[in-house]
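This report looks at charged side-chain pairs and at how open their residues are to solvent. The sequence and the structure come next.

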Amino acid sequence: SVHIKPKSMSVLARLVAADGEPVSRNDLFDAVWPGGEVSDDTLTKCIVELRKAFADTARESRFIETIPKFGFRLVVRAEPLEESSPEPVSSSPATGMPAPGASPRRRPVMLLLLGAVLLLGLLLAVDSSRAWLTEAGVTLYLKTAAILVPYSLEQEPGIAVLPFANMSDEAGNEYFSDGISAEIINLLGRANRLPVTSRNSSFQFKGQNRDIKEVGRLLGVTHVLEGSVRKAGGRVRVTTQLIDTGTGTQIWSGAYEKDLSDIFALQNEIAENIVVHIDAVLGEEITPLPRILPPTRPVIVRRTANLEAYDLYLKGIQKLKSGNPIPIEQAAGYFDAAIALDDNYADAWAAKGLSLYVLGRTGYGHPNIPASVYPGAIAAFERALEIEPGHATATGWLGVTLIVNDYQWEQGMRLMKQSIARNPNDAELLAVYAMHLNLMQMEGAEEMLFRAFRLDPLGIIPVSVRARALFMAGRVLDATALAELGLMNDRDGYAANFNAALTNILIGRLDAAEQDLNKARKVAHPVDLSIEALQWVIDDRRGLASMPPVAQQMKRMQTERLSFFVERGKVLQWEDAATILAAFELGIEQRHPEMRDILFGPKPALLPEADWQRLKEITGVAQFQRAHRGILASGRDSTR
């Protein structure tokens with residue numbers, strides 16, 4: 001037997017009752033969600049879960065057939081099952097989804113997993129003097145689970161654009177070929193016709209000669225676009241091919257050559273051809289957008305006419321996407337140089353704002369106090385919107401920055417929602433929006449996070465946000481497994497290693513945490529207070545050294561960034577109410593993003609109620625919660 005969600009089972013029951021006849025979407029809505037208005041995406045996720053349980057696919061439907069523009073049909077006959085003892089099928093700790101097709105050959109591995117889980121349960125019950133055994137047990141569990149359920153995603157209609165190969169004579173032109181690939185991803189995303197895998201995930205395969213079928217399995221997409229770029233003598237030549245990941249066959253190819261001055265027309269032409277061919281192949285199989293997103297008209301994108309400015313912009317984007325502290329700091333300089341050449345370059349202003357926001361973001365290894373960089377980010381986003389009203393990137397990340405810097409909760413959420421409606425394939429913003437919905441206990445978080453993870457299954461932000469949600473739900477081992485997945489796909493990156501170190505500390509894997517920290521140090525600033533602080537925690541728990549006094553840490557925090565200090569209750573006990581209050585007031589003054597979690601969470605036990613309410617009033621959290629009291633924590637999983 002395979003465990004599926006109750007609503008998915010109800011959908012299956014309705015299909016069974018039709019006895020092989022097609023069932024319309026409206027009939028399924030009436031039968032499964034009577035009296036409620038739900039999104040098409042909710043039904044689609046039920047169908048996806050059922051197909052996964054049957055090891056079925058949308059294109060080769062052996063069990064559930066899609067009837068275009070109508071509904072679905074159960075292809076096979078169903079008969080009552082005789083009473084028997086069902087044998088459970090395990091689920092992936094990283095995804096929480098059942099593993100289809102578990103065969104008798106895998107039973108020894110399943111028994112090994114069961115043994116690992118039982119061992120872990122016993123080890124977690126021992127006293128602290130046996131903590132090293134607990135770490136060994138957790139590690140055994142994670143490794144066994146990885147063997148049992150190797151990472152993969154259910155393939156759904158969608159496309160991934162792999163980084164185009166640089167065929168230019170100069171190796172230094174790689175940023176240009178990367179930029180062409182990324183721009184096509186952006187254009188396909190703005191077309192709002194199909195899910196487009198994020199650059200963060202598709203670029204994981206750069207320089208690898210992976211089998212296209214494997215790429216499709218890892219990214220969960222039905223199609224992949226790959227190609228090459230040659231830039232020489234003022235002209236650029238781009239070749240592309242669209243490949244079906246199920247069969248590995250090419251279904252379309254194209255070659256384009258233009259003057260560099262026509263680069264944007266070339267990108268648009270490629271994207272339009274892809275959309276036409278994808279529509280012809282997939283048709284109604286394309287997953288509908290979540291109903292939680294309001295309808296919106298496409299925004300006309302204003303490009304720069306200055307090719308040198310565009311060149312600098314691409315170099316800056318390459319630095320910004322590196323994920324490491326020092327290159328991200330360098331990115332802002334490239335955007336400033338591009339703006340100096342064309343002050344009306346909206347994309348460059350939006351990218352500058354994003355780079356400044358990242359310089360204050362948690363867990364990215366920057367020494368900046370957030371309040372020192374966020375005003376510049378807001379100004380850059382607003383300038384981009386003056387030039388290009390509705391610019392999706394500037395709109396969404398302005399919303400995020402207004403929340404963390406000005407505590408404008410309503411305005412920030414509204415801007416994020418508008419941005420996602422304009423570009424529903426922005427996985428990072430989707431994940432951040434889902435994080436806020438979850439934090440504020442508002443509906444739609446699960447749907448948004450599911451979509452973000454589907455679009456960017458190897459990206460650090462969707463992975464870390466999903467791991468965070470699992471951790472908050474008490475699924476600590478699942479969260480750890482997901483953090484390991486993020487680490488697997490960015491082994492040398494600062495953010496992945498820092499987040500993995502923090503997660504491993506929380507569950508007692510101190511050796512693993514220290515290994516993560518050592519990797520983060522290789523790409524960190526020479527002085528990194530956040531890394532130092534995590535090392536203090538590790539040493540303190542091992543009894544090798546004690547934590548420096550809180551007063552000493554807070555003194556350093558006047559000029560240095562400490563990523564987790566205001567959340568230290570996760571890893572250390574607070575000393576007293578005065579210390580908590582001083583830390584929170586400093587966090588609010590310096591605009592630390594971590595304060596969002598605290599202010600929307602439970603009151604710390606030691607903090608007096610009057611002080612707690614005062615902090616929530618001055619940041620607007622109390623007012624926001626009062627305004628939304630009727631819908632917070634509603635428990636509904638669909639849009640009504």
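## Accessibility of R237 and its partner

In this predicted model, R237 has a relative accessibility of 37% and therefore counts as partly exposed, a class that covers the range between the cut-offs of 20% and 50%. E257, at 42% relative accessibility, likewise counts as partly exposed.

The side chains of these two residues, E257 and R237, meet in a salt bridge with an N to O distance of 3.6 Å. Because E257 belongs to strand β8 (residues 250-259) and R237 to strand β7 (residues 235-244), the pair ties together parts that are 20 residues apart in sequence. The contact is also part of a wider arrangement, since a network of salt bridges links R235, R237, E257 and D259.

## Salt bridges of R556

R556 and E532 form a salt bridge through their side chains, with 3.1 Å from N to O. This pair links distant parts of the chain, with R556 in helix α23 (residues 550-556) and E532 in helix α22 (residues 529-542), 24 residues apart. R556 has a relative accessible area of 23% and is partly exposed, and E532, with 27%, is partly exposed.

The side chain of R556 also meets that of E560 in a salt bridge, where the N to O distance is 2.9 Å.

## The whole structure

How many salt bridges does a search of the whole structure find? The search finds 21 salt bridges, among them the pair of E257 and R237, the pair of R556 and E532, and the pair of E560 and R556.

Key. Residues are numbered from 1 along each chain as its sequence is written. This is a predicted model: local features need pLDDT of at least 70, side-chain atom pairs count only at pLDDT 80 or more; totals for chains, interfaces and linings use all residues. Side-chain values use heavy atoms; hydrogens and water are left out. A salt bridge is a side-chain nitrogen of Lys or Arg within 4 Å of a carboxyl oxygen of Asp or Glu. Helices (H or I, at least four residues) and strands (E, at least two) are DSSP runs, numbered from the N terminus. Buried means under 20% relative accessible area, exposed over 50%, partly exposed in between (1.4 Å probe, protein chains only).
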